[in-house]
Amino acid sequence: KLRDCGIHPRLQSEAALRPLFTFLGLAQEFAAFTGVWRIAKDLAGAGGDFMIYGPGLDYVYQLCPTFSNLVRDIALAMDAVNLFADDQYMSALQNSDRRTFRSNAQVCRKIRHELHTNLDQCVEASDDILSTAKKASSIVQESEVKWNSFISSSQGLLRRLQGHNVGAAQKTEALQ
């Protein structure tokens, strides 16, 4: 029976539960993203940047906007829950003059504001990652050009020197 489910009767309607479960499902996906970002962070540095901004760049380009969209959807779902909660608050306020209830409602409002602020910061961080990825991409492309030039120049120089037996003479002397 619904009355025995542990959910307050006012919250047992689909109108109340749908936004809440939507919010919770999106929060679960947010947690999965946290794991992916942690792996990327662990990879970064000491050569790992090349992996993230080289072969992993396409994923970064896909993950960042997807993450920002997820955060937007979380905020929208949270707003839907808040609208329902505000309606319930007004109803409960009319039926209750308890100071504790009002105090708890103020704490909830503060937490909602902090959550929105933190979600905004998540989007900013994702935008920063994407910006860094774009800069790194151009650096990687520039480095590839320099690398190819280095390889080409080195091969040409070594062929010329070997043609004059410069490398061979040094090799023979080093072996004796």
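## Phe30 and its aromatic partner

Phe30 has a relative accessible area of 23% and is partly exposed, because the buried class ends at 20%. Phe67 has a relative accessibility of 5% and therefore counts as buried. These values, like those that follow, come from a predicted model.

The structure contains 5 aromatic pairs. One of them joins Phe30 to Phe67, with 5.5 Å between the ring centres and an angle of 35° between the planes. This pair is classed as tilted, because the class covers angles that are neither under 30 degrees nor over 60. The two residues are 37 apart in the chain, and their pair links distant parts of it. Phe30 belongs to helix α1 (residues 14-43), whereas Phe67 belongs to helix α3 (residues 57-95).

## Aromatic cluster

Phe30 and Phe67 are also members of a cluster linked by ring pairs. Phe33 and Trp37 complete this cluster.

## Second largest pocket

Trp37 appears again at the second largest pocket, where Trp37 is one of the lining residues closest to the centre. The others in that closest group are Ala40, Lys41, Ile52 and Val60. The pocket has a volume of about 310 Å³, and 17 residues line it.

Two or more lining residues come from each of α1, α2 (48-53), α3 and α4 (99-163). Helix α1 gives the largest share, 6 residues. By residue class, the lining of this pocket consists of 13 nonpolar, 2 polar and 2 charged residues.

Technical notes:
Residues numbered from 1 in each chain as written. Predicted model: local features only at pLDDT ≥ 70, side-chain atom pairs only at ≥ 80, totals over all residues. Heavy atoms only, no water. Phe/Tyr/Trp six-rings, centres within 6.5 Å; stacked < 30°, edge-to-face > 60°. Helix = DSSP H or I, 4+ residues; strand = E, 2+ residues; numbered from the N terminus. Buried < 20%, exposed > 50% of the residue type's maximum accessible area, 1.4 Å probe, protein only. 1 Å grid on protein atoms, 1.4 Å probe; cavity = no way out; pocket = protein on both sides within 12 Å on 5 of 7 lines; lining within 4 Å. Points joined across faces, edges and corners; volume = space filled by probe spheres on them. Nonpolar A, V, L, I, M, F, W, Y, C, P; charged D, E, K, R; others polar.
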